[in-house]
Amino acid sequence: MTSGTLAGAHAGHTPMMQQFLRIKAEHPDTLLFYRMGDFYELFYEDAQLGAQLLGITLTQRGASAGAPIPMAGVPVHAVDQYLARLVKLGRSVAICEQIGDPATSKGPVERKVVRIVTPGTLSDTQLLPEREDRSLVAVLPISGQRAHLAALVLASGRCMVVLDCADWVGQLQAMQAAEVLLPESAEEAFAQLQQSGFKGATLKLGAAQFASASGLQQWRELLGVSSLEGFGIAAGDPVLGALGALLSYLKRTQGHWPSHIRSIERMDLSERLMLDAVAQRNLELFETLRGEPSPTLFSLLDETRSSGGARLLRRWLVEPHQNPHHPHQGALVRQNQIAALLESSTNLPQQLATILREIPDIERITTRIALGSVRPRELAALRDAFTALDRLCASLQPCAARFTDQLASLIAPPPLAALLIDQLAPEPAALAREGGVFRDGFDAQLDELRALDQHCDQFLLEFEQRERERTGIGTLRVGFNQVHGFYIEVTHGQAARVPDDYRRRQTLKGAERYITPELKAFEDKALSAKQRALSRERVLYEALLAGLQPYVIPLQALAQASAHVDVIQALAQVAAREQWSPPRFSTGIGIRIESGRHPVVQAQVRQFIANDCVLDTQQRLMLITGPNMGGKSTYMRQVALIVLLAYVGSFVPATSCELGPIDRILTRIGASDDLAGGRSTFMVEMTEAASILHLASERSLVLMDEIGRGTSTYDGLSLAHAIAERLAEHNRCLTLFATHYFEITALGQSFGGAFNRHLAAVEHQGKVVFLHQLREGPANQSYGLQVARLAGVPGAVIQSARKRLQQLEQSAAQFDPSQFDLFAPPTTDPDVDSDSSLSASQSAILGELHSLQPDDISPRQALDLLAQWKALMNSDQPAINDSGTP
């Protein structure tokens, strides 16, 4: 819509409302915070939505176009807390500031949107979770689940691309996506994202925003290079379209490109040990299955003392490198650093932790320096961190050979330290606009303005005393009021003694008020001193930020190095406290764990029973049986967590551990439906199983827990058996397969590579005792009734179930008819006499079952038939039908 059309549409509104509606039309999908004095106001639909989301008062004031104006507002000084709540809800907010001077404006003060706050473009400390990243991800779909991805963490400047990602929706969690950009034509991808339950914000952009040519040009200009091939991106790579969408969106929301991005990281997922979103959830890496933040693997390991360290630990857990010998990201480099800290004569991990507690979030401070939004107290925290960094380097000297890269980056550039020490006040103001940022003595002009403002009273007292002495008027008084400013007051009785340089300013009933050239000059300076001091500090602050720009890259390296040291000391502390040991790596496929423990469960219980695990090319499929609560799921999870910890570079909870190459960890554990996606528990189970069967390779670790529970017994058994066979023969992956279908344990004899283990339990005085020990062979009892009793099922129900169990066991021993599929018609084989081995009564009952229509009889009739058939079986008499005739 053109400006003329807009003006016509808003002709009936007041000038201010016309301005608001014009700006709002440019940002229809965001809440508009419209600055009016000390408040940000919302109007019309924005006010109604904002009041609902924020719990603020919705009111109506004035009128425009003949109707009251709905409005709601938040104070400027508290805006961050309201923005944080809206961003958490996935909302974007356009910040519209006054940029004109109210004193010179003839109409509404000129305003414009200076930035748009969105979930994926946050850099303000107040809006971000301290110990987590939030990324903006642009997705360029290919087909199905395949897509090119470009992700940016604005708060750190980290930019990543993934070419031809096989499971782009699953990769979003690894990238900690808070906001996703899609081409407006990608309807299928948008639907996939909605069905996945993605909780972040989603935005569709025009095709022009995803153009590869413009993306290449923008990134070459931003990085100051002639080609992106140095970052592993060729000129024709389609991912350039996704990269271009990132920069276009950032220019639109932030008003400029992010200058602190210095490189693009091309992530080769084939080099990573892959954990999809399902595996992260089932292994409870960051949240329990109930959605709580602890106890989880992350909460156990997080002994970090800095926010940057916690975020790096989280990245290590979701992005472990497959190659333990990788020079920078490999597990052995980190493992050797942990060992060096633990072998030191002093308690070095604790010593490092104490120092790291004094170091602020340098990564995010650096980003805000680059963006020009850093606050004075953040710069002061950076200044004060330099002494702590010096002590950190000194403490690492005994292990210098292991921390060469980190020590090289931990040394702050001396000019940077001098710059901040020389200029900043010891305790600067929270915000630059408040003044008081620079120390006394740094700038002569600022010192003079401050002196005028701060020493005004003293000057007036001294001036009054001088004038009394000069004029001989003892009652002379110097004062000030808002209307006339400074004045010299002399009573009428002393008026004859007034000097010639006094100029009359005001006449009162009993006195005259005068001004002198000296007092007038002081008035001009004093009345504007504070405002001019603030203006001078703004100039100095902008100069300071410009002077800090050359140090962005070394500060980023320093932040990464301190975070790395923080994670290593955290892992060392956990290893020492929990008595973990260093794993070994080999080239042969397999897992060999001696006395392994579940790291999280062990920390929660008084005594934990350790168990071994051996999987190799000869024993690939471990069939695990045992009672519920016997520890099957815990055992499988602990094996996966030990493997993950080893590849992260941590010590592991085991007496010894040797691992071959692992390319991914895949899990199918637990039972839950997907109401939002319209999927039943069984559908979720089969979907996850299908994914495993498609993705698992001979180097994958697969956890399958009680597959097939969500359908009828024989359907579930058949599927579980077939899936186990497929994993053993086709995928040939390393598999832990827990099941209650004892028929599947026969695979241990019929298939090479399959073998049986069980979690032991014993029954004592009618109660089950779980031993939690992994033993050879299959279990011989499920203890289901005993577990039900432990769960609090009433005794009468247990007794009834026990009787029914005995009947079923006796029936199974005598008669084992096939279970028919409820949804398939009965089938017969004309060449086989299925009743040849049955008695006459059994054949009669089967005949009635074949002809019976369940929908045509009542529950009471069904019970009567069951009673008749039971009596018939006991007496072996002819069947009786409903009419009473044989």
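Strand β11 shows two faces, a covered one made up of A201, L203 and L205 and an uncovered one with T202 and K204. In a regular strand the side chains alternate between the two faces of the sheet. The model discussed here is predicted, with local features requiring pLDDT of at least 70, side-chain atom pairs counted only at pLDDT 80 or more, and totals for chains, interfaces and linings drawn from all residues. Residues are numbered from 1 along each chain as its sequence is written, and side-chain values rest on heavy atoms, with hydrogens and water left out. Strands (E, at least two residues) and helices (H or I, at least four) are DSSP runs numbered from the N terminus.

The wider setting of β11 is an open sheet of 6 strands with mixed pairing, in the order β11-β10-β7-β8-β9-β12. Here, two strands are said to pair if DSSP finds at least two bridges between them. The edges of this sheet are β11 (201–205) and β12 (265–266), each of which pairs on one side only. Moving inward from β11, the pairing with β10 is parallel and spans 5 bridges, and L181 stands opposite L203 of β11. Strand β10 (residues 177–183) also pairs in the parallel sense with strand β7 (residues 135–143), this time over 4 bridges. In that pairing, L136 faces E179 of β10. Helix α6 (residues 187–195) lies across β7, β10 and β11, and runs at about 175° to β11. Such angles run from 0 to 180 degrees between N-to-C directions, with axes taken as lines fitted to C-alpha atoms, for helices over the stretch in contact.

A second open sheet, again of 6 strands and with mixed pairing, has the order β3-β4-β2-β1-β5-β6. At its edges stand β3 (59–64) and β6 (111–117), each with a single partner strand, so one side of each has no neighbour in the sheet. From one strand to the next, the twist averages 35°. Within this sheet, strand β1 (residues 31–36) and β2 pair in the antiparallel sense over 3 bridges, and M36 stands opposite F39 in β2. The hairpin of these two strands, β1 and β2, has 2 residues between the strands, and G37 takes a positive phi near 65° there. On to the next pairing: β2 and strand β4 (residues 67–75) are antiparallel over 5 bridges, and P75 is the bridge partner of F39 in β4. Strand β2 (residues 39–43) is largely enclosed by the rest of the structure, because 4 of its 5 residues are buried. Buried means under 20% relative accessible area, exposed means over 50%, and partly exposed lies in between (1.4 Å probe, protein chains only). Toward the edge at β6, strand β5 (residues 93–98) pairs with β6 in the antiparallel sense over 6 bridges, and C96 stands opposite V113 in β6.

Two helices accompany this second sheet. Helix α2 (residues 15–26) lies across β1, β2, β3, β4, β5 and β6, running at about 145° to β1. Helix α3 (residues 44–54) lies across β1, β2, β3 and β4, and runs at about 45° to β4.

Further along the chain, helix α19 (residues 456–471) packs with helix α20 (residues 517–548) at an angle of about 175°, their axes 12 Å apart. The two helices α19 and α20 are therefore roughly antiparallel to each other, a label for angles over 145 degrees, while those under 35 count as roughly parallel, 65 to 115 as roughly perpendicular and the rest as oblique. In this packing, C456, F459, L460, F463 and R466 of α19 meet E518, L519 and F522 of α20, where contact means heavy atoms within 4.5 Å. By class, the contact of α19 with α20 has 6 nonpolar, no polar and 2 charged residues. Ala, Val, Leu, Ile, Met, Phe, Trp, Tyr, Cys and Pro count as nonpolar, Asp, Glu, Lys and Arg as charged, and the others, Gly among them, as polar.

Two single residues round off the picture. L449, in helix α18 (residues 444–454), counts as buried at 4% relative accessibility. Leaving aside neighbours within four places in sequence, L449 is in contact with A529, R532, A533 and R536. H758 is found in strand β26 (residues 754–764) and is buried, with a relative accessible area of 15%. Beyond four places in sequence, the contacts of H758 include T625, Q773 and G777.
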